[in-house]
Amino acid sequence: MSQNEATQPGADLENLLHETRTFPPSPEFAAQANATVEMYDVAATDREAFWAQQARELITWSKDFTEVLDFSGAPVARWFADGTLNAAYNAVDRHVEAGLGDRVAIHFEGEPGDTRTLTYAELKDQVSRAANALTELGVATGDRVAIYLPMIPEAVIAMLACARIGAPHSVVFGGFSAEALHSRIIDADARVVITADGGYRRGKPSALKPAVDEALAKGTDVRHVLVVERTGQEVAWTEGRDVRWGEALEAASPEHAPVDVEAEHPLFILYTSGTTGKPKGILHTTGGYLTQTAFTFRHVFDHKPETDVYWCTADIGWVTGHSYVTYGPLLNGTTQVLYEGTPDTPDKDRWWDIVEKYKVTILYTAPTAIRACMKWGEEYPNKHDLSSLRVLGSVGEPINPEAWIWYRNTIGGGKTPIVDTWWQTETGAIMISPLPGVTAAKPGSAQVPLPGISADVLNEAGKPVPNGGGGYLVLTEPWPSMLRGIWGDPQRFQETYWSRFENMYFAGDGAKKDEDGDVWLLGRVDDVMNVSGHRLSTTEIESALVSHPSVAEAAVVGAKDDTTGQAVVAFVILRAEAVSRADEEGEGGDVVAELRNHVAKEIGPIAKPRSILVVAELPKTRSGKIMRRLLRDIAEGREAGDVTTLADSSVMEQISKGMKAG
Ligand code: 6R9
C-alpha cells in the first residue's frame, strides 16, 4: 500500500496503521439507541425493501410509490419514481399538522450576539410567504434560483421556499467571489438570486450584495434579486430588478399550497470542484435524497426529537449545510442551533459558549475546526459546561486519531460516541459511518457502510482488496440520495464517476481495509484538494493563476497542513516582463501578494495559496504532464522522489534550491 498514490494526501498513514484503540458503546447508550445491529442484516437481505420501508416511515408522500429502484438507465438511477411529494411540506408543514407548531425549529445566534427563535409554525409562515413572493417574481416550477446568503435563518427559509414551489435551488457559498457566482448563475441559468446586504464576520459587517451586482453586470438572465436586510449597510439598488425581502414577504400571504412534484423532480444543484477547472453542478432530486438524509440523521446522530438540541457548524454553501442543516434535521423535526459567524469571535470560546447556552446535545463539525480548537488550548472549552453533549460528529476529511481523542475527551467529557461520517456532495447523504450505540468506534476510521449501502476497496485492476489491503474506494450499488448527474453534462457524469471501474461509482478517494474489514479513508487520489474540509481543484486554481497577466504557467498542489488538512501551494513561472519587475522588487514579494489576491478574487478567499513559489521551470514528463507528486514532496519539505521520468531532471534541483533560498 505504501507505494500507492492513494496514501499520499490527507491522513497520516503511519499514525493510522498504529492505531488500535477501540471505544465500544456504553451499555446505557446502547440501550436507548435508535440504531440496532439487526438493521445491517435486514438491509442486506433485501436492500430495496429496506429503503422502501425507510421512505414510507420517514417521509410523507402525497402519492405513494409502487416502484422502488429503476437502474435501467444506469448510471442515472430513479428511486420511488411514481411517488409524489413536497420537500418543504415534509420539512415543516407536517410537524405543524402533528401539533408541534410551537416546537423551536431554529435558535439563531448572530455573530454580534443578537438572537432569534423560529418555531415550526413560524417557519411554515415564513417559507409560505417566501414561496408566494418568489411566485410573484415570476419563478415557476422547474426554474432555478441562486441563493447567496450568510448563515442566517433566511438561508434555510429561501431553500425551503424554492423546494415548496419545485424550483431547484443553487446555493453558492457566500465566501465565493463575484466571478464564481457569475459562472454558477450562467451554468444553471438562474432567474432569481436571493442575497443579503451582508453578514457579520469577525466582528464586522461583510458585504454580499456588491458581488451579486458585479456578477450580474457580466450578463445573465437573472430577472430579480431578492435582498435580505441583515446588516443594514448601504447597497446599490437597481430599480425594477432588486426587491427587498422584508417588504416582499410582508406583502405575501402566509398561506401557500406546496407543489406536489414527482420523486425524481430536481431539488437542487450544488457546484463542487472536480479535476478540471470547471466546477460540476451536482444534481439531486427529491424522494431518494429526502429519504436518505432523514434516515441518516435519525440513526447516525441517534436523534430524539423531543429532547435533542442539534448543531451543525457547516455553512449552507456546502453539501453538509444542505443535508444536515436544512433537510435531514428539519425532516426529523429537530430543534437546531444556527450560528452566523466565526468560532473565535469575540473570543476562542464562542462555540463552547453556544453549546452551554442552548444545551446542545449533538454537535457535527469538521476535523479542521477541531484541530484549530486543539491549538487554541483546552482552557477555552474548559470554561464552559459541555455536559449536555451526547453525540459528536465529524465530516469533511479524515480525522487524525489525535484530534479524535481530543474531541472525545475535551469536548465529549470522555464519554460521547463520535461518528466519523464519510460522504460527498455527490452521495447526498452519509454513506460510511459508525452507528452510535452499535459500533465499537476506532479513532480515525469511518469504519462501515451504513445499512443499505454497499462499498468496497478495489486495487488498480478493479479487484476487491483483502483485509489489510489498500486501494480505491467505490460504491457498488445505487443508493437513494445518489447524484442524478452533472447539470447539463451527462457525458462528464459518466466519465468522472463510472469509467474507472465497470458498473461502480468511483469516489475519488483512497482507502484501506483493516484486519476487521473496517474502512480507513486516506484522502483524494485525484487533483482535488481538501482544505479545511472544502474541496478545491488544483486545475481551477491553476486557471485562476494563469489568467493573471504576469503568469506564464502555474502548478498547484495540496500540501499537508497541521490545521487545515491540506494547504494550497502554487509554483508559478512568470512572464518575462514580470520577472524583471520581481527582480527589482526582490524575492518576487509584490507579485506574490498580487497573485494571492488575484486567486481570492477569481475564486474566493478559501482558495488563496498558502505560499507561491516563483520558479524558472516546472517538472514535466516527456509527454508534458506536470509531475505534481514531486512538487508535493517539495511543498511538504521532503527531498523530491523519483525524477527519472522527467524530461529535464535538473529542474527539481533548481526548484528545491529556490525553496530553501525563499
Ligand atoms: C460531505 C463532504 C467530499 C470529500 C470526500 C473525501 C472527504 C468527507 C470524510 C472525508 C475522510 C471523512 N471526506 N468526509 N474523508 N473521512 N469522514 O465533505 O462533501 O465537500 O463533496 O467532499 O471529502 O475526500 O471525497 P464534499
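A residue counts as near the ligand here if one of its heavy atoms lies within 4 Å of it. Keep in mind that this is a predicted model.

**View 1. Meet the shell around the ligand.** There are 17 residues around the ligand, and Asp420, Thr421, Thr425, Asp509 and Arg535 come nearest. Sorted by character, the shell has six nonpolar, six polar and five charged residues. Where do they sit in the fold? Helix H12 (319-331), strand S20 (418-421) and strand S25 (519-524) each chip in with at least two residues of the shell.

**View 2. Polar side chains reach the ligand's oxygen atoms.** Look at Thr425: an N or O atom in the side chain of Thr425 is 2.5 Å from an oxygen atom of the ligand. For Asp509, a polar side-chain atom lies 2.7 Å from a ligand oxygen. Gln424 joins in too, with a side-chain N or O atom 2.9 Å from an oxygen atom of the ligand. On its own, the ligand has 530 Å² of accessible area, and the protein covers 97% of that.

**View 3. An open sheet has seven strands.** Follow the order S5-S4-S17-S16-S18-S19-S20, and you'll find mixed pairing. Strand S5 (115-119) and S20 stand at the edges with a single partner strand each, so one side of each has no neighbour in the sheet. Ignoring direction, neighbouring strands in this sheet are turned by 20 degrees against each other on average.

**View 4. Strands S16 and S17 pair up.** Which way do they run? S16 (residues 309-312) and S17 (residues 335-339) pair in the parallel sense, over three bridges. To spot a bridge, find Trp311 and then Val337, the bridge partner of Trp311 in S17. Strands of a sheet pair through backbone hydrogen bonds.

Key:
Residues are numbered from 1 along each chain as its sequence is written. This is a predicted model: local features need pLDDT of at least 70, side-chain atom pairs count only at pLDDT 80 or more; totals for chains, interfaces and linings use all residues. Side-chain values use heavy atoms; hydrogens and water are left out. A polar contact is a pair of N or O atoms within 3.5 Å; within protein, one must be able to donate a hydrogen and the other to accept it, and residues adjacent in sequence count only if both atoms are side-chain atoms. Accessible areas come from the Shrake-Rupley method with a 1.4 Å probe; for residues, only the protein chains shown count as cover. Helices (H or I, at least four residues) and strands (E, at least two) are DSSP runs, numbered from the N terminus. Ala, Val, Leu, Ile, Met, Phe, Trp, Tyr, Cys and Pro count as nonpolar, Asp, Glu, Lys and Arg as charged, and the others, Gly among them, as polar. Two strands pair if DSSP finds at least two bridges between them. Axes are lines fitted to C-alpha atoms, for helices over the stretch in contact, and angles run from 0 to 180 degrees between N-to-C directions.
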